[in-house]
Amino acid sequence: MSQEHQEQGCERTEGAEVVAHAFAPGKVILFGEHAVVFGHPAIAGPLEEGVRVTLEKNASGGIAIEGCDEVSALARAVRRCLHEFRLTDLKVSFSGDLPRSVGLGSSAALAVALVRACAAATGLMMRPQGLIERAHEIEREFHGNPSGVDHSVAFEKKLMRFVRGQRGQQIFLVKPLEALIWVVAPRGSTREHVASVGELAATNPKRVEKIFCAIHALADSAVESLERGDYERVGHAMDENHRWLQELGLSTPEIDDACERLRAAGAWGAKLTGAGGGGAVVAICEDASALARSLAVDPARLLMTRWSSSA
Ligand code: PMV
C-alpha cells in the first residue's frame, strides 16, 4: 500500500479479486444536533465502530450490490458514487459493527467508506475536501438535507467543532475523555426528525431560534471546558443540551430514563445523541468500563470510546 493510500485510509489490492476496501467510523454528537442543520455549531467525535466497504471484481459484469434492494436509497447512493468515479463491473459489499439507524452516523460512515474505496479503486489522489464533498453528496441520498457533521467526523476521525459549510476544527484535549454510548431503542429516520424540527421552526421561529441559540452557547462554552479538561462542566452542559432536545420533542421516556440512570451511576453528563425519537444516549465519565459494569444492561447495547489529542 502506498503512503498516499494509507493517508486516505484505504487499501488497494492489485491483481486480486478485491479491488479496494475502506473503513470509516461512526460518530457521536455531544452538542448541537438539529441546531447544526440551521448553521449553529455542533461538537462530535468518532467511535471505534464503523462501516467497511469492499469492492470486488464482478465476473458477470455490471454493478452488484450485496444484500440490498435495488430501489433503496443505499442502491441509489452506491450507483451514483460508482458512476461519479466512472467505475463498473464491481461487486459492492458492506460489513462492520456499527449499530444502524440509532443516531450513530451509520449512513455517513458508509458514504465516507464508499468514497474512499472508490478513490482507491481508481488510484485517484483526491484532496480531503474533495472526498468530504463527495461523501456529503452521497449522504443526501439517505437524509436529503444533512448538515455534514456526520461525514466530517467519519472522515477526519477526530473530536471536533463543526459548523455547516466549513471544515471541522479539531478540539485539543489536555487529558483523555471517555464516553459510554447506550443504544436504547430503534427510531424513525433522520430525514423525518429533521423535517419535523424544520416544521416547528417554520411555525414557531422565535421559540426554536431561542432554543438553538441556547444550544449554540452551550457548545461554545463546552469547547473551552473540553480544552481546559473541565469535564464535569462539559457534563452539566450536556444535561442542559438534553433538556433543550426534550423541549423540541425529540426525546422519549426510554431515552430520558437512560440519561437519568447514567447520571445516577456517576456520569458527568448524559444526553440523547443524533436525530432523536429513540436511538442512543451518550454519557461522558471518568471510566466508561466501570460505568458500563454498573448498569444492568445487555453489553451488546453499550459502546465505549476514548478520545485523546495524541491519537
Ligand atoms: O442521523 P443521525 O441520527 O446520526 O443525526 C444526525 C444529526 C442531525 O443534526 C439530526 C442531522 C444533521 O444532518 O446534522
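A nonpolar core is here a set of buried Ala, Val, Leu, Ile, Met, Phe, Trp, Tyr and Cys residues joined through C-beta atoms within 7 Å. All views below are taken from a predicted model.

**View 1. The largest nonpolar core of the predicted model, centred on its most connected members.** This core holds 97 residues, and the members that touch the most others within it are Ala113, Leu114, Val281 and Ala283. Helix α3, spanning residues 106-122, provides the largest share of the core with 13 residues, and at least three residues are drawn from each of domain 1 (3-165) and domain 2 (170-307). In soluble globular proteins, nonpolar side chains tend to be buried together.

**View 2. The surroundings of Ala283.** When residues up to four places away in sequence are not counted, Ala283 touches Ala179, Leu180, Leu262, Ala267, Gly269, Ala270 and Leu291. Ala283 is also one of the residues that touch the most other members of the largest nonpolar core.

**View 3. The contact between domain 1 and domain 2.** The protein is divided into domain 1, residues 3-165, and domain 2, residues 170-307, and the C-alpha centres of domain 1 and domain 2 are 24 Å apart. Domain 1 contributes 30 residues to the contact, and domain 2 contributes 32 residues. On the side of domain 1 that touches domain 2, at least two residues come from each of β2 (18-31), β3 (42-57) and β6 (160-162), with β3 giving the largest share, six residues. By class, the residues on this side of domain 1 comprise 16 nonpolar, nine polar and five charged.

**View 4. Phe142 and its contacts in helix α4 and beyond.** Phe142 belongs to helix α4, which covers residues 128-143, and is classed as buried because 21 other C-beta atoms lie within 10 Å, where the cut-off for a buried residue is 20 or more. Leaving aside neighbours within four places in sequence, Phe142 is in contact with Ala73, Ala77 and Ser107. Ser294, by contrast, is separated from Phe142 by 152 residues in sequence and by 36 Å in space, taken from C-alpha to C-alpha.

**View 5. The shell of residues around the ligand.** The shell around the ligand has 15 residues, of which Gly103, Ser147, Thr190, Gly274 and Ala275 come nearest. Both α5 (149-156) and α6 (190-203) supply at least two residues of this shell, and its class composition is six nonpolar, seven polar and two charged residues. Because domain 1 (3-165) and domain 2 (170-307) both give residues to the shell, the ligand lies between them.

Definitions and conventions:
Residues are numbered from 1 along each chain as its sequence is written. This is a predicted model: local features need pLDDT of at least 70, side-chain atom pairs count only at pLDDT 80 or more; totals for chains, interfaces and linings use all residues. A residue is buried if 20 or more other C-beta atoms lie within 10 Å of its own, exposed if 12 or fewer, and partly exposed in between; C-beta atoms are placed from the backbone. Helices (H or I, at least four residues) and strands (E, at least two) are DSSP runs, numbered from the N terminus. Domain bounds come from an automatic or database domain assignment. Two residues are in contact if their C-beta atoms, placed from the backbone, lie within 7 Å. Ala, Val, Leu, Ile, Met, Phe, Trp, Tyr, Cys and Pro count as nonpolar, Asp, Glu, Lys and Arg as charged, and the others, Gly among them, as polar. A residue is near a molecule or strand if its C-beta atom, placed from the backbone, lies within 6 Å of it.
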